[in-house]
Amino acid sequence: MIGEVNQSNLYLLLPSKVAWMADMLSEDRNTSVVEAMRMIYSSDVYRKLEDETTKMWHLGPIALYQGLTGLSV
């Protein structure tokens with residue numbers, strides 16, 4: 001059975017979401033993945049993502065990316 005997501009284990013979910021967003025951002029902005037990761041880690045979206053109480057970890061990488069860039073579908 002999968003355990004409950006809480007603040008102490010949320011960090012396990014974040015790397016894959018950040019990696020997806022970094023790939024999309026680096027491609028869209030024509031920048032390196034490292035620079036894209038810097039942008040993500042310094043963003044309001046990431047600050048909210050790493051706070052379990054916001055439940056943003058439920059969102060997929062595309063929705064998070066849209067929040068990061070202000071895009072809408």
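## Exercises on a predicted model

The backbone oxygen of E50 sits 2.8 Å from a polar atom of the Q7 side chain. Keep in mind that this is a predicted model. Let's start from that contact and work outwards.

**Exercise 1.** Find where Q7 lies, and decide which residues distant in sequence it touches.

*Solution.* Begin with the location: Q7 belongs to the segment before helix 1. Next, look for partners beyond four places in sequence: Q7 contacts E50, D51 and E52. Now check the backbone: the C-alpha atoms of Q7 and D51 are 7.0 Å apart, although 44 residues separate the two along the chain. Finally, consider accessibility: Q7 has a value of 45%, so it counts as partly exposed.

**Exercise 2.** Is S26 buried or exposed, and which backbone oxygen lies 3.1 Å from a polar atom of its side chain?

*Solution.* First place the residue: S26 is part of helix 1, which spans residues 14–29. Its relative accessibility is 10%, and the cut-off for buried is under 20%, so S26 counts as buried. The oxygen in question belongs to D23. To finish, list the contacts of S26 more than four places away in sequence: T31, S32, V33 and A36.

**Exercise 3.** Work out which members of the largest nonpolar core touch the most other members, and which helix supplies the largest share.

*Solution.* The core has 15 residues, and M21, I40, Y46, L49 and L64 touch the most other members. Trace the core back to the helices: helix 1, helix 2 (33–41), helix 3 (44–49) and helix 4 (61–69) each give at least two residues. Helix 1 supplies the largest share, with 5 residues. Then zoom in on Y46: beyond four places in sequence, Y46 contacts L14, V18, I40 and Y41.

**Exercise 4.** Locate the 3 salt bridges and describe how exposed their residues are.

*Solution.* Recall the principle: side chains of opposite charge can pair when their charged atoms come close.

- In helix 2, E35 and R38 are 3 residues apart, which means about one helical turn between them. Their side chains form a salt bridge at 3.2 Å, N to O. E35 is partly exposed at 28%, whereas R38 is exposed at 53%.
- In helix 3, D44 and R47 are also separated by about one helical turn, being 3 residues apart. The closest N and O atoms of this salt bridge are 2.7 Å apart. R47 is partly exposed, at 43%.
- E52 and K55 make a salt bridge at 2.5 Å, N to O. Here E52 is buried at 11%, while K55 is partly exposed at 39%.

One link back to the start: E52 is also among the contacts of Q7.

Notes. Residues are numbered from 1 along each chain as its sequence is written. This is a predicted model: local features need pLDDT of at least 70, side-chain atom pairs count only at pLDDT 80 or more; totals for chains, interfaces and linings use all residues. Side-chain values use heavy atoms; hydrogens and water are left out. Helices (H or I, at least four residues) and strands (E, at least two) are DSSP runs, numbered from the N terminus. Buried means under 20% relative accessible area, exposed over 50%, partly exposed in between (1.4 Å probe, protein chains only). A polar contact is a pair of N or O atoms within 3.5 Å; within protein, one must be able to donate a hydrogen and the other to accept it, and residues adjacent in sequence count only if both atoms are side-chain atoms. Contact means heavy atoms within 4.5 Å. A nonpolar core is a set of buried Ala, Val, Leu, Ile, Met, Phe, Trp, Tyr and Cys residues joined through side-chain atoms within 4.5 Å. A salt bridge is a side-chain nitrogen of Lys or Arg within 4 Å of a carboxyl oxygen of Asp or Glu.
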